[in-house]
Amino acid sequence: MCEWHDVFQPIFQVDKDLNPSVDHYEMLLRDQNGKFPIDDFFRVIGTEEDNQQWIQTESQALAKVFKAYPNIHVNLNIEPIQFTYLSVWDFLKQTYDRYGQKVIIEITERQLQAGSIGGKYFDRSFQRIHDLGFKIALDDVDSGSNSFSFVSHHLDQISIIKLSLLIFDDISTETMIQFIDAWVAFAKEKHLSVVLEAVRSKEIAQRYAGNKNIYQQGYYWEKGLELKDMPEEI
C-alpha cells in the first residue's frame, strides 16, 4: 500500500498591476518524499482493484480540504484509462453529489494511456462527465495528445484549456509568446478559459496579467501547498 497525499497548487487570476488572487487549486498527488509517484501511480491505476487506492486517497483529500475550506474550488486529475472502471464513475457521482462544481475534472494529456478503450468510449466518457454536471479542464493541450483537433472535437464539454510552458524551454520567449497568443485567440473565440501552467518569469506573468479569461499557475507565483500550509482565510 503506497502512502500518498495531495498538495494544492494555487491557480491565480492576476490583475494588470500583477496582483494575484487565488481562483482555484489543482490537486497534485505526492509520495512521502514530496514527489509525484509516477511508477507506483501507473501500476496502481492499471487495474480497477488497485485503483481503489487512488479513489481512497482522493476521497480523503477532498473531504479534508473542503472541511477546512468549504468555499474553494479544486481540480481533480484523472487519467483516461480510469474511465473504464465502474468504481470511478461511482466515485465521481458521489463527489459531484457532495461538492458540486466546486470540483473541476482535469483530464490529463496522456490520452494514449486510454489504450484499448477506444476513441468512441473516450468521447462518451467526456460527455458522461459533462452530464454529471462537472466542468472539464483539458490539460497540456499544446504539448500532449490533446491537440487542436482534439480540443475542437470536445468544445461542447470543455470549459478550460491548460497550456504548459515547460516544452518551450529550448526556444525563444518571442516564439513561445506566439504559441500562447494563438491558443488564447482560439480560446477567446470558443468562449474557453485558459490556464497558463509553469509560469516561471515576470515577463510572461506580466504580459498576460489583467486578462480575466487567462489564469496563471506556476513557481513564479506559488508551488503546491500542503493542506496545513494553505492560507488561514481563502
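Colleague: How do the axes of helix H2 and helix H3 sit relative to each other?

Modeller: The general idea goes like this: two packed helices are described by the angle between their axes and the distance between the axes. In this predicted model, helix H2 covers residues 48-68 and helix H3 covers residues 86-99. Their axes come within 10 Å and cross at roughly 10°. Angles under 35 degrees count as roughly parallel, so H2 is roughly parallel to H3.

Colleague: Which residues of H2 meet H3?

Modeller: On the H2 side you'll find Glu-48, Asn-51, Gln-52, Trp-54, Ile-55, Glu-58, Ser-59, Leu-62, Ala-63 and Phe-66. Facing them from H3 are Leu-86, Ser-87, Val-88, Phe-91, Thr-95 and Tyr-99. Sorted by class, the contact has nine nonpolar, five polar and two charged residues.

Colleague: Let's pick Leu-62 from that list. Is Leu-62 buried or exposed?

Modeller: Buried means under 20% relative accessible area, and Leu-62, at 1%, is buried. Setting aside neighbours within four places in sequence, Leu-62 is in contact with Met-27, Val-74, Phe-91, Thr-95, Tyr-99 and Val-103. For a sense of distance, take Glu-197: 135 residues separate Leu-62 from Glu-197 in sequence, and their C-alpha atoms are 22 Å apart in space.

Colleague: What about Asn-75, which lies in strand E3: what does Asn-75 contact?

Modeller: Beyond its neighbours within four places in sequence, Asn-75 is in contact with Ile-11, His-24, Tyr-25, Glu-26, Met-27, Ile-104, Glu-106, Ala-137 and Lys-162. Asn-75 is buried, with a relative accessible area of 1%. Leu-163 is 88 residues away from Asn-75 in sequence and 15 Å away in space, C-alpha to C-alpha.

Colleague: And Asp-23, over in strand E2? How far are the C-alpha atoms of Asp-23 and Phe-12 from each other?

Modeller: They are separated by 5.3 Å, though the two residues are eleven apart along the chain. Asp-23 touches Phe-12, and also Ile-11, Gln-13 and Tyr-215, if you don't count residues up to four places away in sequence. With a relative accessible area of 37%, Asp-23 is partly exposed.

Colleague: Now backbone angles. What is the phi of Leu-18?

Modeller: As background, most residues other than glycine have a negative phi. The phi of Leu-18 is near 65°, a positive value in a residue other than glycine. Look for Leu-18 in the loop between strand E1 (5-14) and strand E2 (20-30). Leu-18 is buried, at 15% relative accessible area.

Colleague: Where is His-191, and is His-191 buried or exposed?

Modeller: His-191 is in the loop between helix H6 (173-189) and strand E7 (193-197). His-191 counts as exposed, at 72% relative accessibility. The phi of His-191 is near 60°, again a positive value in a residue other than glycine.

Colleague: Last topic: empty space. What is the volume of the largest pocket?

Modeller: The idea is that rolling a probe the size of a water molecule over the atoms shows where empty space is left. Here the largest pocket has a volume of about 1000 Å³. It is lined by 35 residues, and the closest to its centre are Gln-9, Glu-26, Leu-28, Arg-30 and Phe-36.

Colleague: Which elements give two or more residues to that lining?

Modeller: Those are E1, E2, H2 and strand E3 (74-78). E2 provides the largest share of the lining, five residues. By class, the lining residues divide into twelve nonpolar, nine polar and 14 charged.

Key:
Residues are numbered from 1 along each chain as its sequence is written. This is a predicted model: local features need pLDDT of at least 70, side-chain atom pairs count only at pLDDT 80 or more; totals for chains, interfaces and linings use all residues. Side-chain values use heavy atoms; hydrogens and water are left out. Axes are lines fitted to C-alpha atoms, for helices over the stretch in contact, and angles run from 0 to 180 degrees between N-to-C directions. Helices (H or I, at least four residues) and strands (E, at least two) are DSSP runs, numbered from the N terminus. Angles under 35 degrees count as roughly parallel, over 145 as roughly antiparallel, 65 to 115 as roughly perpendicular and the rest as oblique. Contact means heavy atoms within 4.5 Å. Ala, Val, Leu, Ile, Met, Phe, Trp, Tyr, Cys and Pro count as nonpolar, Asp, Glu, Lys and Arg as charged, and the others, Gly among them, as polar. Buried means under 20% relative accessible area, exposed over 50%, partly exposed in between (1.4 Å probe, protein chains only). On a 1 Å grid over the protein atoms alone, a cavity is a set of points where a 1.4 Å probe fits but cannot get out, and a pocket is an open set with protein on both sides within 12 Å along at least five of seven lines; lining residues have an atom within 4 Å of a point. Grid points are joined across faces, edges and corners, and a volume is the space filled by probe spheres set on the points.
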